[in-house]
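I opened my notebook today to look up a few things in a structure, one at a time. Here is what I wrote down as I went along.

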Amino acid sequence: MMLEDKQALISKLKKDLLAWQGVPQRSNDASTMGLGPLEKAFPNGVFPKGVIHEFVSFNRMDSAASCGFIGGLLGKLMQTDGICIWIGSIQTVFPAAIRSFGVDPASIVFVSMKREKDVLWAMEEALKCHGITAVLAEIHQLDFVQSRRLQLAVEKSRVTGFILQHNPKILLATSCAARWKVTSLPSQSDDGLPGIGYPCWDVELLKVRNGSPAKEQITWSPQGFKTFSKKEIQVKDWNYNYQNLG
Amino acid sequence: MKKRFASLWFPHLKTDWLTVCKPHLQNIPFVLSIAAQGRLIVSGSNLLAEQAGVHSGMAIADARAFIPSLKIINEQAGLAEKLLHSIAEWCIRYTPQVALDTPDGIILDISGCAHLWGGEAAYLTSIVSKFRQHGYDVRMGIADTIGAAWAVAHFGHEDIIINEQAQSETLLPLSPAALRLEDVQLKRLQSLGLRSIGSFSKMPRSVLRRRFGDSLLLRLDQAMGLEDEFVISIKPILPYEERLPCLEPICTANGIELALEDLLNKLCKRLSGEGKGLRAAELNCHRVDGKIETITIETNRATAQVKHILQLFVLKIPQIEPALGIELFTLGVSKVETADPVQENLWNNRIGLKNPTVTELLDRLKSRDANCDISRYVPSAHYWPERSMKIAAKMDEVAAVDWQTARPRPTRLLKIPERIIVTAPIPDYPPILFRYKGDTYTIRKADGPERIEREWWIDPGEHRDYYAVEDLQGRRFWLYRAGHYDGQADQWFIHGFFA
């Protein structure tokens with residue numbers, strides 16, 4: 001009896017702590033990002049907005065996959081009239097492709113700064129600006145102090161920030177709300193049709209503040225994100241596909 | 001408004017400059033020489049040489065006869081113009097309108113400027129003493145007309161200020177040469193015994209016109225103020241410009257910021273009153289030592305918000321080198337546009353590109369790093385991937401066509417397609433495997449080909465057959481073969497990575 005009371009007390013205290021930290025209560029399903037079970041990894045089971053999300057990629061293919069996944073998230077965040085600032089040192093994103101993730105590329109402003117220091121400065125300035133929905137920066141390395149500065153900026157303005165770390169030398173501890181890693185998975189096609197299907201990813205949450213790490217297989221279709229289990233993937237022989245190609 | 005002009009005459013402009021550059025020339029007579037009509041003639045002489053009887057236009061051989069030890073220096077071409085121009089630029093701190101009066105003078109339009117120095121006498125002393133300190137011999141005259149100011153600067157015995165409407169009394173005893181007449185006219189006046197302006201100014205105009213032509217009457221009228229005369233300023237005055245002269249030279253960033261705020265308050269009040277906004281502006285800081293430091297800003301949208309423009313300038317203040325101090329600030333607007341009326345508080349909370357805080361943010365990014373690119377893309381009616389989008393010219397530009405989404409496009413597009421080595425089974429089939437940057441990728445699934453023709457009227461070349469391929473691990477690539485299959489291995493390229 002006592003033990004149960006203790007458990008209830010602790011869970012209540014935990015909830016209070018989260019509320020004080022500004023984590024919203026799970027209210028209705030309209031505000032979800034459609035990530036399904038992956039959202040349960042976050043505190044209160046809500047995808048946190050108004051924080052910094054960090055994505056890690058170690059090669060160009062993974063960074064392209066991360067871009068696509070973030071594109072899907074941006075589509076949900078920006079809805080109809082949002083605006084996103086995309087900052088990097090060289091601009092390699094193909095705006096036409098972002099359209100297929102439900103984002104109007106015309107509402108993304110691409111900024112390219114030469115030095116990484118300037119990219120971070122630009123991101124901090126952009127995060128302080130209220131009229132923006134999301135800010136995305138592509139850099140190589142983010143350290144704790146820098147992430148702390150960005151975190152302080154978003155706490156005032158509630159803008160969502162995304163950091164894409166390409167090929168970091170070492171993964172340093174940061175104050176970001178979540179660290180993601182997105183890698184490609186072989187696509188599925190309905191009924192064994194030839195050709196490539198909708199993009200599939202292995203989405204890993206390496207670190208979640210006040211939550212627990214998680215891993216899911218997620219696919220993107222024009223209807224939105226969908227989770228699936230790996231068993232569904234039927235690894236087909238190349239020859240089989242090859243015969244069907246003609 | 002009543003016009004007032006000042007004329008500055010440098011009798012020994014070129015030699016004074018040489019003496020400033022080479023102080024050892026100070027105590028020896030020297031002349032500048034140029035070649036003309038097959039001989040060397042004197043083009044400028046210093047005071048010592050002049051006292052000995054050497055004057056401009058004399059042959060060098062004659063000058064040597066006067067002073068055997070005369071030093072002769074070759075004159076560089078265009079020296080006088082260059083000197084005058086830099087002097088005129090320096091004089092901008094006294095008035096915004098400065099014009100050249102070749103070969104050895106400048107004209108200042110000082111209307112409404114002199115009171116800032118405490119009256120015309122103090123103004124004249126300030127300018128003249130500055131030049132004399134630097135070692136230039138200068139004569140100055142101030143009058144209602146350019147002609148009268150020129151006359152007293154050249155023919156008055158000291159620096160003279162002619163009071164308003166009093167030019168005729170001062171000019172009448174002077175020699176006719178003070179009217180800037182041509183040599184022929186001067187000679188004719190001389191031979192007729194007319195040795196002062198007063199001796200012919202009262203003659204009937206028709207008589208003067210018949211004997212000397214229209215130009216004498218024009219010059220006379222210009223000097224007397226009956227005819228208007230205009231000067232062509234070396235720097236065109238911007239329609240929106242503010243000036244702030246400082247009592248004490250300013251050399252701190254804080255001081256510059258205060259000066260800027262003062263200038264911007266005046267400028268923006270005027271701009272917003274006229275429904276205009278600035279797109280580009282420049283701040284010129286005139287230093288005590290004669291140099292001018294300039295910083296410029298640009299904005300993405302016409303604005304007249306003091307706070308925002310000041311923020312943009314403040315980012316650039318560290319670029320200004322004040323040295324011994326700045327004595328004059330001028331703020332000019334180089335690009336003006338009609339501004340959208342902004343209802344500040346009501347609309348500040350809307351999201352998106354219409355929010356003024358977003359454009360202000362982009363302006364700040366741009367002024368931090370002038371090389372940074374800020375671009376927004378709109379679709380363009382081309383199939384060729386590189387041309388399928390274009391940079392929006394304005395922040396609120398709306399696309400005329402829709403984005404093409406029928407075919408898959410990679411999230412990352414390489415700026416320049418990179419060459420790959422492929423193994424393809426038969427012509428027009430997707431590759432089985434390809435090598436890119438030392439790694440081999442085995443292809444499991446493929447879509448294509450999607451043929452995209454090159455627009456021959458834009459650039460010549462071969463078409464591309466695009467394949468979207470997926471390797472064993474699910475990584476996706478956008479490959480293409482340039483032109484038709486002809487058995488050569490080096491016509492395959494990678495152009496992008498899919499999500």
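My entries follow, beginning with a whole chain and then moving to the interface, the salt bridges and two smaller spots.

**Entry 1: chain B as a whole**

I reminded myself at the start that this is a predicted model. I then counted the elements of chain B, which has 15 helices and 21 strands. How much of chain B counts as buried? I found 47% of its 499 residues in that class. I looked up the surface too: chain B has an accessible surface of about 25,200 Å², and carbon and sulfur atoms account for 53% of that area. Next I turned to contacts in chain B with a separation of 6 or more, and 56% of them are between residues 24 or more positions apart.

**Entry 2: where chain A meets chain B**

How many residues of each chain are in contact with the other? I noted 64 residues of chain A and 58 residues of chain B. Together the two chains bury about 5,100 Å² between them, with 61% of this on carbon and sulfur atoms. On the side of chain A, the residues that lose the most area to chain B are Met61(A), Phe94(A) and Ile196(A). Those three together make up 15% of what that side buries.

I also went through the polar side of this interface. Between chain A and chain B I have 17 residue pairs in polar contact. Which element of chain A gives the largest share of the side that touches chain B? I found that H2(A) does, with seven residues. Several other elements of chain A supply at least two residues each, including helix H4 (116-127) and strand E6 (178-185).

**Entry 3: salt bridges across the interface**

I noted three salt bridges across the interface of chain A and chain B. I looked at the pair Arg364(B) and Glu125(A), which form a salt bridge with their closest N and O atoms 2.6 Å apart. I then saw that both residues belong to a network of salt bridges, linked with Glu124(A), Lys128(A) and Arg149(A).

**Entry 4: salt bridges within a chain**

Over all chains, the structure holds 35 salt bridges. I picked three to follow up.

My first pick was in chain A, where Arg179(A) and Glu54(A) meet through their side chains at 3.2 Å, N to O. Arg179(A) is in strand E6 and Glu54(A) in strand E1 (residues 52-57), so I wrote down that the pair links parts of the chain 125 residues apart. Are these two residues buried or exposed? Arg179(A) is buried, at a relative accessible area of 6%, and Glu54(A) is buried as well, at 0%.

My next pick was in chain B, where the side chains of Arg205(B) and Asp221(B) form a salt bridge of 2.8 Å, N to O. I placed Arg205(B) in helix H10 (residues 205-212) and Asp221(B) in helix H11 (residues 214-224), 16 residues apart. Here the two partners fall into separate classes: Arg205(B) is partly exposed at 39% relative accessible area, whereas Asp221(B) counts as buried at 8%.

The last pick was Arg464(B) with Glu386(B), where the closest N and O atoms of the salt bridge are 3.3 Å apart. Why does this pair tie together parts that are 78 residues apart in sequence? Because Arg464(B) lies in strand E19 (residues 464-471), while Glu386(B) lies in the loop between strand E13 (373-379) and strand E14 (389-391). I checked their accessibility too: Arg464(B) counts as buried at 7%, and Glu386(B) counts as partly exposed at 30%.

**Entry 5: a nonpolar patch**

Which residues form the nonpolar patch I looked up on the surface? They are Phe58(A), Leu171(A) and Leu206(A), with about 220 Å² of accessible area together. I followed Leu206(A) further and found it in strand E7 (residues 200-208) of chain A. Leu206(A) has a relative accessible area of 31%, so it is partly exposed. Patch residues need over 30%, and Leu206(A) at 31% fits that cut-off.

**Entry 6: a loop residue in chain B**

Where is Thr252(B)? I found Thr252(B) in the loop between strand E9 (241-250) and helix H12 (253-273) of chain B. Its relative accessibility is 45%, so Thr252(B) counts as partly exposed. I also looked up Ile317(B), which is 65 residues from Thr252(B) along the chain. Their C-alpha atoms are separated by 9.8 Å.

Technical notes. Residues are numbered from 1 along each chain as its sequence is written. Chains are lettered from A and ligands numbered from 1 in the order in which they are written. This is a predicted model: local features need pLDDT of at least 70, side-chain atom pairs count only at pLDDT 80 or more; totals for chains, interfaces and linings use all residues. Side-chain values use heavy atoms; hydrogens and water are left out. Helices (H or I, at least four residues) and strands (E, at least two) are DSSP runs, numbered from the N terminus. Buried means under 20% relative accessible area, exposed over 50%, partly exposed in between (1.4 Å probe, protein chains only). Contact means heavy atoms within 4.5 Å. Accessible areas come from the Shrake-Rupley method with a 1.4 Å probe; for residues, only the protein chains shown count as cover. Patches are made of residues with over 30% relative accessible area and no salt bridge: like charges are joined within 9 Å, nonpolar side chains (Val, Leu, Ile, Met, Phe, Trp, Tyr) within 5 Å. A salt bridge is a side-chain nitrogen of Lys or Arg within 4 Å of a carboxyl oxygen of Asp or Glu. Buried area is the accessible area (1.4 Å probe) that two parts lose on being put together, summed over both. A polar contact is a pair of N or O atoms within 3.5 Å; within protein, one must be able to donate a hydrogen and the other to accept it, and residues adjacent in sequence count only if both atoms are side-chain atoms.
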